[in-house]
Amino acid sequence: MSMVRLVFDSVSEVTSSEGMGILLLTDEGHTRMLSIICDEATVYQFRLRVGEAEVASRLAPEVLWQVITRNLGEMRFQVVINDLVDGQYKTLLYMPDILQAIPIRASDGVLIAYLAKLPIFIEERLMDRQSVPFLKPTEAVPVPVNILSNDMLRQALQRAVNDEEFEKASEIRDELRRRERKNGPR
């Protein structure tokens, strides 16, 4: 399985949806970018660290990471994104020295990688399928419809219908139907 190394680029709030944000990751050559949806608490956590707030070193993730590294010594860690299921990236905190992995929410994995300076990897085929050409962040960031939760998709469908964007509404409807066929209605 071939992997692509990712780097954290930026965090931003989604202006059209309350309480959501997007983490942007790029490949090392800054040619492709990957969007990860997060909640507003995660946006806040990233802003503290990106802004280098003095308090960040005493926050729970940093303190817990210090405890982990003190107890495990020179153990190597990495964050691995290896699948996408129902709008959620399947992500692991992986320890290659002992071949152990712990499932983790994608946005939390990126946060830990950022604060602990861990490498982030994604399975190459998943990156090819989910990434878009890298654009320096502007007002609009393209987000693949398949990374949105069912609730987010329903909200987006209603907005698209209200705005008479029928092609977009059709795409969203098709994704919801695909998920229902796969998992049954939720």
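Student: Which residue stands opposite K90 of β5, and what makes β4 and β5 a pair?

Tutor: In this predicted model, D83 stands opposite K90 in β5. Two strands count as paired if there are at least two bridges between them. Seven bridges join β4 to β5, so the pair qualifies. The two strands run antiparallel.

Student: How are they connected, and which turn residue has a positive phi?

Tutor: β4 and β5 form a hairpin with two residues between them, and D86 in the turn has a positive phi of about 50°.

Student: What makes you say that the side chains of β5 alternate?

Tutor: Check which ones are buried. Y89, T91, L93 and M95 point to one face and are buried, whereas Q88, K90, L92 and Y94 point to the other and are not. Buried means under 20% relative accessible area, so the residues on that second face don't meet the cut-off. That fits the usual pattern: in a regular strand, side chains alternate between the two faces of the sheet.

Student: What does L93 pair with in β6?

Tutor: The bridge partner of L93 there is I102. β5 and β6 are antiparallel, with six bridges, and they form a hairpin with four residues between them. In that turn, L99 has a positive phi of about 55°.

Student: Why are β6 and β8 called edge strands?

Tutor: Go through the order of the open, eight-stranded sheet: β6-β5-β4-β7-β1-β2-β3-β8, with mixed pairing. β6 (100–105) and β8 (132–133) each have a single partner strand, so one side of each is left without a neighbour in the sheet.

Student: Which strand pairs with β4 in the parallel sense?

Tutor: That's β7 (residues 120–123), over three bridges. One of the partnerships is V80 with F121.

Student: What makes helix α3 "mostly covered"?

Tutor: Nine of its 11 residues are buried, including V110, L111 and I112. Just after α3 comes K117, with a positive phi near 55°.

Student: Which residues touch the most other members of the largest nonpolar core?

Tutor: L6, L25 and I81, out of 31 residues. The largest share of this core, seven residues, comes from α3. There's another core apart from it, of six residues, among them V14, M20, I22 and M152.

Student: How do you know what L25 touches?

Tutor: Contact means heavy atoms within 4.5 Å. Leaving out residues up to four places away in sequence, L25 touches, among others, L6, F8, I81 and V110.

Terms used: Residues numbered from 1 in each chain as written. Predicted model: local features only at pLDDT ≥ 70, side-chain atom pairs only at ≥ 80, totals over all residues. Heavy atoms only, no water. Buried < 20%, exposed > 50% of the residue type's maximum accessible area, 1.4 Å probe, protein only. Core = buried A, V, L, I, M, F, W, Y, C linked by side-chain atoms within 4.5 Å.
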